[in-house]
Amino acid sequence: MTFVFVVFIGTWQLVTSFGLVSPIILPTPMETLNDMIFVGRNLISGGYMLGSLWITILEVIYGFALAIAIGFSLGVLVGETAFGEKAVMPYLVAIDTMPKVAFAPLFVAWLGFGIESKVALAAFIATFPIVVGTAAGLHAADENARMLFKTMGASRMQTLIKMKLPMGLPQIFTGLKIGAVGVMAGAITGEFLGGGKGFGELIRVAASQLNTPRVFSLILYLSLVGLALYLIVQWTQRKVVFWQKETVGSYDA
């Protein structure tokens, strides 16, 4: 990991030092670092960037919570019922194949320029992976376990709660991790296209002023927020799906 980072920074420095790319398009690593320090000081001192970052974080949190609620509900519907699998799933797939960014103006028209339209777009992008992960998890239940619950006279709800959901947790968390990555993209895209006061708006303004070091530094801070959300989901998975802890750890290593 360190080797890849060093190679990446070295290549970036060489490209900018030899003037292979215009400094207006690509700043040097040092310029980006200096701007990151400036942004960090503004955040620590409670400047205007802290308020913008908090707005974006709220959009991400609300969007992810909404995506989990909708995605899990639809996932259970698709994974548990023939109606959901045959009648609902094709529509979900059709919607997911559409360019989601194109829905941003519609969300702005329906919900206004406030935080609601960004939350809606973030949830819209993050929902489908959770639906697929939940449905796949419910289908992953072992056939012998299904027969055991059936012979014991377990109801459909008891089978779902006590057997299918626990066995499907690894797939469900996979969908949550994919959704956690997508929700940040949805929130920032909404701010690009629908205005607002979040970090996406700061990036848009900096780009219009050709302040590329500021654009890079803001993107890097956003990546830290997205990474934190992903790590929270991963940490939760390791605590909840504890029987897969060793497997996940060895894979990450």
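Is Gln237 buried or exposed? In this predicted model, Gln237 has a relative accessibility of 5% and therefore counts as buried, the cut-off being under 20%. Gln237 sits in helix α10, which runs over residues 212-240. Beyond its neighbours within four places in sequence, Gln237 is in contact with Pro170, Phe173, Lys177 and Phe242.

A step back helps to place this residue in the whole chain. The chain holds 11 helices and zero strands. Of its 253 residues, 42% count as buried. The C-alpha trace spans about 70 × 45 × 35 Å along its principal axes. Among contacts with a separation of 6 or more, 71% join residues that are 24 or more positions apart. The accessible surface of the chain comes to about 14,300 Å², and carbon and sulfur atoms account for 73% of that area.

The interior comes next. The largest nonpolar core has 36 residues, and those touching the most other members are Leu43, Phe64, Leu176, Val183 and Phe199. Two or more residues of this core come from each of α2 (29-44), α3, α6, α8 (156-194), α9 (199-208) and α10. Helix α8 gives the most, with 11 residues. Phe64 offers a good view of these surroundings: apart from neighbours within four places in sequence, Phe64 is in contact with Ile130, Leu176, Gly179, Ala180, Val183, Leu229 and Val233. Two of these partners, Leu176 and Val183, are themselves listed with Phe64 among the core residues that touch the most other members.

Aromatic rings add further detail. A search of the whole structure finds five aromatic pairs. One of them joins Phe107 and Trp110, whose ring centres are 5.9 Å apart and whose planes stand at 85°, so the pair is edge-to-face. Both residues belong to helix α5 (residues 104-111), where being three residues apart separates them by about one helical turn. An α-helix has 3.6 residues a turn, so residues three or four places apart point the same way. Even so, the two residues fare differently in accessibility: Phe107 is buried, with a relative accessible area of 12%, whereas Trp110 counts as exposed at 59%. Phe107 also forms an edge-to-face pair with Phe124, with 5.7 Å from centre to centre and 65° between the planes. Because Phe107 lies in helix α5 and Phe124 in helix α6, this second pair ties together parts that are 17 residues apart in sequence. Phe103, Phe107, Trp110 and Phe124 form one aromatic cluster.

Helix α4 (residues 82-97) also deserves a look. Its 16 residues reach 22 Å from the first C-alpha to the last, close to the 22 Å expected at 1.5 Å a residue. A kink of about 40° nevertheless lies at Val88, shortly before the proline Pro90. Val88 is also one of the buried residues of α4, along with Gly84, Met89 and Leu92. The cover over these buried residues includes α3 (48-80) and α6 (115-139).

The N-terminal end of the chain gives a contrast to Gln237. Thr2 is found in helix α1, which covers residues 2-17. With a relative accessibility of 60%, Thr2 counts as exposed, since the cut-off is over 50%. The C-alpha atoms of Thr2 and Glu31 are separated by 21 Å, and these residues are 29 positions apart along the chain.

Conventions:
Residues numbered from 1 in each chain as written. Predicted model: local features only at pLDDT ≥ 70, side-chain atom pairs only at ≥ 80, totals over all residues. Heavy atoms only, no water. Helix = DSSP H or I, 4+ residues; strand = E, 2+ residues; numbered from the N terminus. Buried < 20%, exposed > 50% of the residue type's maximum accessible area, 1.4 Å probe, protein only. Expected span 1.5 Å × (residues − 1). Bend = angle between axes of the 7 residues up to and from the residue. Contact = heavy atoms within 4.5 Å. Phe/Tyr/Trp six-rings, centres within 6.5 Å; stacked < 30°, edge-to-face > 60°. Core = buried A, V, L, I, M, F, W, Y, C linked by side-chain atoms within 4.5 Å. Areas by Shrake-Rupley, 256 points an atom, 1.4 Å probe, with all protein chains shown as cover.
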